[in-house]
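Please read the points below with the model open beside you, and take them in order, since they move from the pair of chains to the parts within one chain.

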Number of protein chains: 2
Amino acid sequence: MSVTAAQGFTASGVTVGLKSTGKPDVAVVVNDGPLKVGAAVFTSNRAKANPIIWSQQAVADGVVEAIVLNSGGANCFTGSFGFQTTHQTAEKTASLLGVSPGDILVCSTGLIGTGDEIFRSRVLEGVARGIEQLSVDGGVAASEAIMTTDSKAKRSVVSRDGWTIGGMAKGAGMLAPGLATMLVVITTDAVIDSSNADAYLRAATRTSFDRLDSDGCMSTNDQVTLMVSGASGISPDADAFAAALAEVCLDLSKQLQADAEGASHNITIRVEHAASEDEAVEVGRSVARNNLFKAAIFGNDANWGRVLAAIGTTDAEFDPYNVDVWMNGVRVCAEGGPDRPREDVDLTPRATDVLIDLKIGDSSATILTNDLTHDYVHENSAYSS
Amino acid sequence: MSVTAAQGFTASGVTVGLKSTGKPDVAVVVNDGPLKVGAAVFTSNRAKANPIIWSQQAVADGVVEAIVLNSGGANCFTGSFGFQTTHQTAEKTASLLGVSPGDILVCSTGLIGTGDEIFRSRVLEGVARGIEQLSVDGGVAASEAIMTTDSKAKRSVVSRDGWTIGGMAKGAGMLAPGLATMLVVITTDAVIDSSNADAYLRAATRTSFDRLDSDGCMSTNDQVTLMVSGASGISPDADAFAAALAEVCLDLSKQLQADAEGASHNITIRVEHAASEDEAVEVGRSVARNNLFKAAIFGNDANWGRVLAAIGTTDAEFDPYNVDVWMNGVRVCAEGGPDRPREDVDLTPRATDVLIDLKIGDSSATILTNDLTHDYVHENSAYSS
């Protein structure tokens, strides 16, 4: 049910021809209240798409009435014409819903540089038709309309004592933190005020979407939005809400990882006994971004030397001659030297676990990534053509 | 002629079975003086191979009598046994040459974690046979003995007014700065003292090997060594020597780029009008390391959006909406928006030029890189097996 699992939300997904495949390409999610609370986190890429520039301003007051998302074009580096397109998208949505344009968020995904007059007219048509088709059952259609190279839609729902959090996500490439490249909309009928919504969302993304690093490439269009209707009338326990939101975010993160372009392994890199959580993240991310390591995993090769070489490029505190590395439960490197033969590691399963024990401190972190495959190269060499 | 082009040097390359292919695998280069000046720069990877740890100490006094290099095993993360192997390599070389072990440099390349008793005995055998076969014509044989996945040996020679600089290099993967992963030996018969040798070498590598970034992966075994015999008896003009050394380094860098594992494009990324040279390098390197950009070039796709997305991940001063991007002479992006159609760019030649005009300041830099191909993935998924 995705974004309409929680009470107080309607959604839709329609097809207006933005994608050459003829698949659904515009999604609308509307908050019917009573609360109209919204929070969002955005790509940290300094090259930001027009919808990001717009949405950052629109969400600043913590009020969000609706969000419009399109696939089939990123509306990034499309000049002032592109920004006007985003502005008109918000204005048309607001006009049809009878609310303020400043309370409408916009997201776009697809090829950078796409955002001409045809794009604009089709997005605006999508707004009109999407609003016509809004429904309390529209969550599935919305989740399908935001797909790009995704092979399946990503949805997640968690329900607790009378309140619900539901979400949808898209993303299959350019998955790297700050955020992992993606569009995500999460809704809840719990009663949460805007400052808490922002804090909960930042905390949950920090240990989920921000730790998914499929290919080290940071997008221009990332946005994770939380919309709060309060329709359940229930004010949840803070810890319970935080945990449930984290669960939805992590579930969606893992769905994104599992559907990453061309990947043949979902790699979970766990870094333990680091001096700090930041250093654990730095180490895990450095390994996750190492093409030689990623290609080795594709080749079912437990090449732990590439793990150590990647750790060595970080500023994290560690002793190269006191590091242990485990792959799928086999310790292949002990104290910076060879341990069990790499041939003992079975890397044929898609799920791959790498454990790095730095033996320095008490902090740990987990990074999710993928291998580097022929199919990744193929998909990303042919994407725009 | 490589390292024996300059007067005062002998070299050899022998086969002792370190490589399963049965190709030459140990090289020796000896400085017969009269000067015995040496300087070296090393990988900045904090995970350093045993030969690096040894050579950093040995070169510290600026005196180098000889260098021994082996392929077929990196002797990295091989514990204290591996360090003793390096130590014994230097001692045996010194004993046979009648010099001090502290004036012998050692380099190894090959698979990390390789350095067992068989490895040790073969390297030591290589020292003995290599010294037996030292010759003033041995430069070619030496350059062939250091190859790993290289498809051809890399050699370069520049001669000026009575003095010569010659060099050899190996490297085909893990090519990323600090240094670009490689073993390089450069010799000269010019008269240069040790402090100047060090300064000249650092200056030349900074704008050559350090700006080659084939795959973003930094090695554990990089070493670039300069050996000075002074046998020409000529003290060159400082600027002339610096220019000639830079020419040799850049020539070898381009040979490394041209032979990078699996690459189908040699990409030259020129960043102009940056606020500083460091920022120009940061921008160029960020683009060079972006897998989506690299895969697009493989697919002959002038996907300038991925260039801008990569620039946006840097801290360099720039305005995303005032950047121009040219590919092979075609301006595909003007002021952060689409310019000429990407289809107008012919990316079928192996040589690919990307020009990024930041329009901020007066500094520029050039980064050499390669595309991301099926063959890169293939070679690096199968390397150790």
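1. Before the two chains are compared, it helps to know that copies are superposed by least squares on the C-alpha atoms of residues with pLDDT of at least 70 in both. This is a predicted model, and in it chain B can be laid on chain A with an RMSD of 0.0 Å by a turn of 180 degrees, together with a shift of 0.0 Å along the axis. That relation is the one a two-fold axis describes.

2. Which residue of chain B comes closest to the rotation axis? It is B:H374, whose C-alpha lies at 2.6 Å from the axis. The same surface serves both copies, for 100% of the contact residues of chain B recur in chain A.

3. Turning to chain A by itself, the domain assignment gives domain 1 (2-258) and domain 2 (266-381). The contact between these domains takes 15 residues from domain 1 of chain A and 17 residues from domain 2 of chain A. The centres of the two domains, taken over C-alpha atoms, are separated by 32 Å.

4. Domain 1 and domain 2 of chain A bury about 1,300 Å² between them, and 39% of this is on carbon and sulfur atoms. Across this interface there are six residue pairs in polar contact, both residues being at pLDDT 80 or more. On the side of domain 1 of chain A that touches domain 2, the residues divide into four nonpolar, five polar and six charged.

5. The count of salt bridges between domain 1 and domain 2 of chain A is one. A salt bridge joins the side chains of A:R206 and A:E277, with 3.4 Å from N to O.

Definitions and conventions:
Residues are numbered from 1 along each chain as its sequence is written. Chains are lettered from A and ligands numbered from 1 in the order in which they are written. Side-chain values use heavy atoms; hydrogens and water are left out. Domain bounds come from an automatic or database domain assignment. Contact means heavy atoms within 4.5 Å. Buried area is the accessible area (1.4 Å probe) that two parts lose on being put together, summed over both. A salt bridge is a side-chain nitrogen of Lys or Arg within 4 Å of a carboxyl oxygen of Asp or Glu. A polar contact is a pair of N or O atoms within 3.5 Å; within protein, one must be able to donate a hydrogen and the other to accept it, and residues adjacent in sequence count only if both atoms are side-chain atoms. Ala, Val, Leu, Ile, Met, Phe, Trp, Tyr, Cys and Pro count as nonpolar, Asp, Glu, Lys and Arg as charged, and the others, Gly among them, as polar.
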